[in-house]
Amino acid sequence: MKKINCFIPAQSVEQFKSTVEGLKASELVGDIYLLANEPIEYEGCKCLVVDSLNSSATVAKIAESSDAEFSLIYTKYTTLEFGQYGIERFYNLAAGAGVGMIYSDYYQIVDGERKNAPTIDYQVGSLRDDFNFGSVLFYNAEALKKAVAETTAEYQFAGIYNLRLKVSQHYTIVRINEYLYSEIELDTRKSGEKQFDYVDPKNRQVQIEMELVCTDHLKAIGGYLVPNFESVNFDEGEFANEASVIIPVRNRARTIEDAIRSVLAQKTTFPFNLIIIDNYSTDGTSEIIKKYAEQDNRVVHLVPERTDLGIGGCWNAGVDHATCGKFAVQLDSDDVYQDENTLQTIVDAFYEQNCAMVVGSYTMTNGEMQPIPPGLIDHKEWTPDNGRNNALRINGLGAPRAFYTPMLRRVKVPNTSYGEDYALGLRFSRQYQIGRIYSSLYLCRRWDGNSDAALSIEKINANNLYKDKIRTMELLARIEMNKK
């Protein structure tokens, strides 16, 4: 039996020639298939005419041609070069292991420079459709064929995503933490520019398909939640303030005054205050907060006793404060509310939608608060019926976020500085409806100094690993809840 069949995207001979010749050099490689939009010929290769790389029809054609032990699918139109015995390493680790798919760390070649591109381990909660496996997917052909046989829907964009989830239902997906190949990378945008691709309106149809695939997967593994929600009783406790805006801050002298002013300018029918948790700032931020606290008794300048708090820990300190209102509303120290009606709109949504948490929409701007692409981030992929299931697929829920304080005090905020809000969204949505406001409430400012403007690949991986773990624990909790 042939060991490995390879499936390579093809636009022109010049584009794939080097990749194909490298594959031919391995004795393990059987047939090499060119995936092209129209017939193309090259010595030693076969051609599969496909509509796109990501459709379910393309995956079905790959499965039909997978008569070797393994199928190697390359997902880029740039040159692929395996390292020393890289193909052999893929095969030797997968052979006899019974895994469904393996992937590896790799090198990216950017402007002629080779850079490390480590991946992260896959887990049951790694449901993101943008999970980075690298560009080489090494499938057990039996697992691939089984996944295609179990697929009943047609997908134009989500075929590869559906394949991975279907395979994961019966087989393990394993990372090899070795650098086994190099690929040419053409997308050189910073992390802060890439992170909102999925909410770009031009990708809306893609997101609809991805949601369908993820929902189908959750139903198959027992993690899907039907749209039945527990009612929220807003009569718990006594509060002097109907709402509190919570701002954790450390060293934001450049922006904190704008944030404070945007809160104090709010017009509401109820009393509110502003609790600023000053996490030992050293750049003049503390002095700015102190000035406003002395001028306006609505401003609470709180310096926590603990010195080990992240953003989430600062949130706990604010929410636990005696003056915290019935609803705790988020504002980042970099940002400002859209207008004077934001706080009223958020509080009204709690009562109108009977929800334990509210998530709004925001507009991306530069430091001078001028709109920049992609503009409005409204997370319209959140629907009342399926939002809490789709939340396991996407990497964020939106902003600003607000919580019913008695419930937040029970659940507690994870003491982290990344993903704490996402963790809360998953946890609350397991039982309660999350209210949504799709109009812009918030200006999210971006500049080179932002903490997430240009993250290293190591930091991106650490962040994604954390969110995948949160998803894993939430998914397991939902499966157990459904069993009961």
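# Notebook: strands, rings and charges

**Entry 1, a buried isoleucine.** I started at Ile-275, which counts as buried because its relative accessibility is 0%. The cut-off for buried is under 20% relative accessible area. I then looked up where Ile-275 lies, and it is in strand E11, residues 272–278. Next I checked Val-300. Ile-275 and Val-300 are 25 residues apart in sequence. In space their C-alpha atoms are 4.7 Å apart. I note here that the model is predicted.

**Entry 2, strand E8.** I asked how many residues of E8 are buried. I found five of its five, so E8 goes down as mostly covered, buried meaning under 20% relative accessible area. Then I looked at which way the side chains point. Val-136, Phe-138 and Asn-140 point one way from E8. Leu-137 and Tyr-139 point the other way. All of these are buried. I wrote down the general rule beside this: in a regular strand the side chains alternate between the two faces of the sheet.

**Entry 3, the partners of E8.** Which strands pair with E8? I found strand E4, residues 70–74, which pairs with E8 in the antiparallel sense over five bridges. Within this search I picked out Tyr-74, whose bridge partner in E8 is Val-136. I also found strand E6, residues 101–110. E6 and E8 run antiparallel, and two bridges join them. On this side I noted Met-101, whose bridge partner in E8 is Tyr-139.

**Entry 4, a hairpin.** I moved on to strand E15, residues 357–365, and strand E16, residues 371–377. They pair in the antiparallel sense over three bridges. I looked up the partner of Thr-365 in E16 and found Pro-371. E15 and E16 form a hairpin, with five residues between them. In the turn, Met-369 has a positive phi of about 65 degrees.

**Entry 5, aromatic rings.** I searched the whole structure for aromatic pairs and got 25. One of them is Phe-327 with Phe-350, and this pair is stacked. The ring centres are 4.2 Å apart, and the planes are at 25 degrees. Where do the two residues of this pair lie? Phe-327 is in strand E13, residues 327–330. Phe-350 is in helix H11, residues 342–353. The two are 23 residues apart, and the pair links distant parts of the chain. Phe-327 and Phe-350 are both buried.

I also found a cluster. Phe-70, Phe-82, Phe-90, Tyr-91, Tyr-106, Phe-138 and Tyr-181 form one aromatic cluster. I had already met Phe-138 in E8.

**Entry 6, charges over rings.** I checked for charged ends above aromatic faces. The charged end of Arg-114 sits over the ring of Tyr-107, 5.7 Å from the ring centre. Lys-467 lies over the face of Tyr-422, at 5.0 Å from the ring centre.

**Entry 7, salt bridges.** I counted the salt bridges, and the structure holds 28. Side chains of opposite charge can pair when their charged atoms come close. I looked at three of these pairs.

- Asp-130 and Arg-128 meet through their side chains at 3.3 Å, N to O. Asp-130 is partly exposed, with a relative accessible area of 47%. Arg-128 is at 3% relative accessibility and so counts as buried.
- Glu-150 and Lys-146 meet at 3.5 Å, N to O. Glu-150 counts as partly exposed at 30% relative accessibility. Lys-146 counts as partly exposed too, at 34%.
- Glu-257 and Arg-261 meet at 3.3 Å, N to O. Both lie in helix H8, residues 256–264. They are four residues apart, about one turn of the helix. Arg-261, at 47% relative accessibility, counts as partly exposed.

I then noted a network. Lys-2, Asp-31, Lys-46 and Asp-67 are joined into one by salt bridges that share partners.

**Entry 8, a surface patch.** Last, I looked at the surface. Which residues make the nonpolar patch of about 280 Å²? I found Val-124, Met-473 and Leu-476. I looked up Val-124 and found it in the loop between strand E7, residues 113–117, and strand E8, residues 136–140.

Definitions and conventions. Residues are numbered from 1 along each chain as its sequence is written. This is a predicted model: local features need pLDDT of at least 70, side-chain atom pairs count only at pLDDT 80 or more; totals for chains, interfaces and linings use all residues. Side-chain values use heavy atoms; hydrogens and water are left out. Patches are made of residues with over 30% relative accessible area and no salt bridge: like charges are joined within 9 Å, nonpolar side chains (Val, Leu, Ile, Met, Phe, Trp, Tyr) within 5 Å. Accessible areas come from the Shrake-Rupley method with a 1.4 Å probe; for residues, only the protein chains shown count as cover. A salt bridge is a side-chain nitrogen of Lys or Arg within 4 Å of a carboxyl oxygen of Asp or Glu. Rings of Phe, Tyr and Trp (its six-membered ring) pair if their centres lie within 6.5 Å; planes under 30 degrees apart count as stacked, over 60 as edge-to-face and the rest as tilted. Buried means under 20% relative accessible area, exposed over 50%, partly exposed in between (1.4 Å probe, protein chains only). A charge sits over a ring if NZ of Lys or CZ of Arg is within 6 Å of the ring centre and within 35 degrees of the ring normal. Two strands pair if DSSP finds at least two bridges between them.
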